[in-house]
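Student: I should be grateful for a close look at one part of this structure. Please take me through the aromatic residues and what surrounds them, and then the cysteines.

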Amino acid sequence: MYSDWSTGTVNKIKNGQIEELIRLRGWRPLQLCLTSTSDLLVTMYSDHKSQSKVVRFSGSIEKQIIQFDDKGKPLYSGNWYIKYTTENRNHDVCVADFGVGAVVVVNQDGKLRWRYTGHPSVTKNKPFKPWGITTDSQSRILTSDVWNHCIHIVDQDGQFL
């Protein structure tokens, strides 16, 4: 599977043939994450590059949009910067948002759990800029910090380890 931001599609290659799974209108897909329940998480930004969101799909059916917190404020930076996403064993959706320098974690209902913006011992000279994200068997989150040349490890509740 791959996303094609230029056409606004998410595609699957099967037996050498490209099959279009999802066609977006007004949005450009970026990163993909296949969850343990076979849902597809797609990070995307609006055509005018002012909004971002994560959308959960079951096949080509939109199941959930994760875009705003309980106060109606955007969860993610509104620019086109890549937002890497993954899902941990608790089914929290974890996004490394380079644009705002944060890891944003929401629960399976899309409610904000916490934001991690770097640890002072690491980010005293340069801001935290997460690039890539993964989780381990204990739901710890690992993200690389490209400006500080290190990997941050935080527990499932956002505490720096």
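Tutor: What follows is an account of the aromatic residues first and of the cysteines afterwards. Please keep in mind throughout that the model is predicted.

The structure holds five aromatic pairs. One of them joins Phe98 and Trp147, whose ring centres are 6.1 Å apart. Because the planes of these two rings stand at 90 degrees, the pair is edge-to-face; the cut-off for that class is an angle over 60 degrees. The positions of the two residues along the chain also deserve attention. Phe98 lies in the loop between strand 9 (93-97) and strand 10 (102-106), while Trp147 lies in the loop between strand 13 (141-145) and strand 14 (150-154). The pair therefore ties together parts that are 49 residues apart in sequence.

The two partners can next be described by their accessibility. Phe98 has a relative accessible area of 11% and is buried, whereas Trp147, at 38%, is partly exposed. Both belong to one aromatic cluster, which is formed by Tyr81, Tyr84, Phe98, Trp131 and Trp147.

Phe98 has a charged neighbour as well: Lys129 lies over the face of its ring, at 4.9 Å from the ring centre. A similar arrangement involves Trp27, since the charged end of Lys53 sits over the Trp27 ring, 4.0 Å from its centre. For such a contact, the lysine NZ has to be within 6 Å of the ring centre and within 35 degrees of the ring normal.

Trp147 leads on to the surface. Together with Trp131 and Val146, Trp147 makes a nonpolar surface patch of about 270 Å². Val146 is found in the loop between strand 13 and strand 14, and its relative accessibility of 33% counts as partly exposed. Two members of the patch, Trp131 and Trp147, thus appear in the aromatic cluster too.

We now turn to the cysteines. A disulfide is a covalent bond between the sulfur atoms of two cysteines. This structure holds zero disulfides, and the distances show why for the residues considered here. The sulfur atoms would have to lie within 2.5 Å of each other. For Cys94, the closest cysteine sulfur is that of Cys33, at 9.1 Å, which is too far for a bond. For Cys150, the closest cysteine sulfur belongs to Cys94, and at 18 Å that is also too far for a bond. The surroundings of these residues can be stated as well: Cys94 is buried, with 0% relative accessibility, whereas Cys150 is partly exposed, with a relative accessible area of 22%.

Technical notes: Residues are numbered from 1 along each chain as its sequence is written. This is a predicted model: local features need pLDDT of at least 70, side-chain atom pairs count only at pLDDT 80 or more; totals for chains, interfaces and linings use all residues. Side-chain values use heavy atoms; hydrogens and water are left out. Buried means under 20% relative accessible area, exposed over 50%, partly exposed in between (1.4 Å probe, protein chains only). Rings of Phe, Tyr and Trp (its six-membered ring) pair if their centres lie within 6.5 Å; planes under 30 degrees apart count as stacked, over 60 as edge-to-face and the rest as tilted. Helices (H or I, at least four residues) and strands (E, at least two) are DSSP runs, numbered from the N terminus. Patches are made of residues with over 30% relative accessible area and no salt bridge: like charges are joined within 9 Å, nonpolar side chains (Val, Leu, Ile, Met, Phe, Trp, Tyr) within 5 Å. Accessible areas come from the Shrake-Rupley method with a 1.4 Å probe; for residues, only the protein chains shown count as cover. A salt bridge is a side-chain nitrogen of Lys or Arg within 4 Å of a carboxyl oxygen of Asp or Glu.
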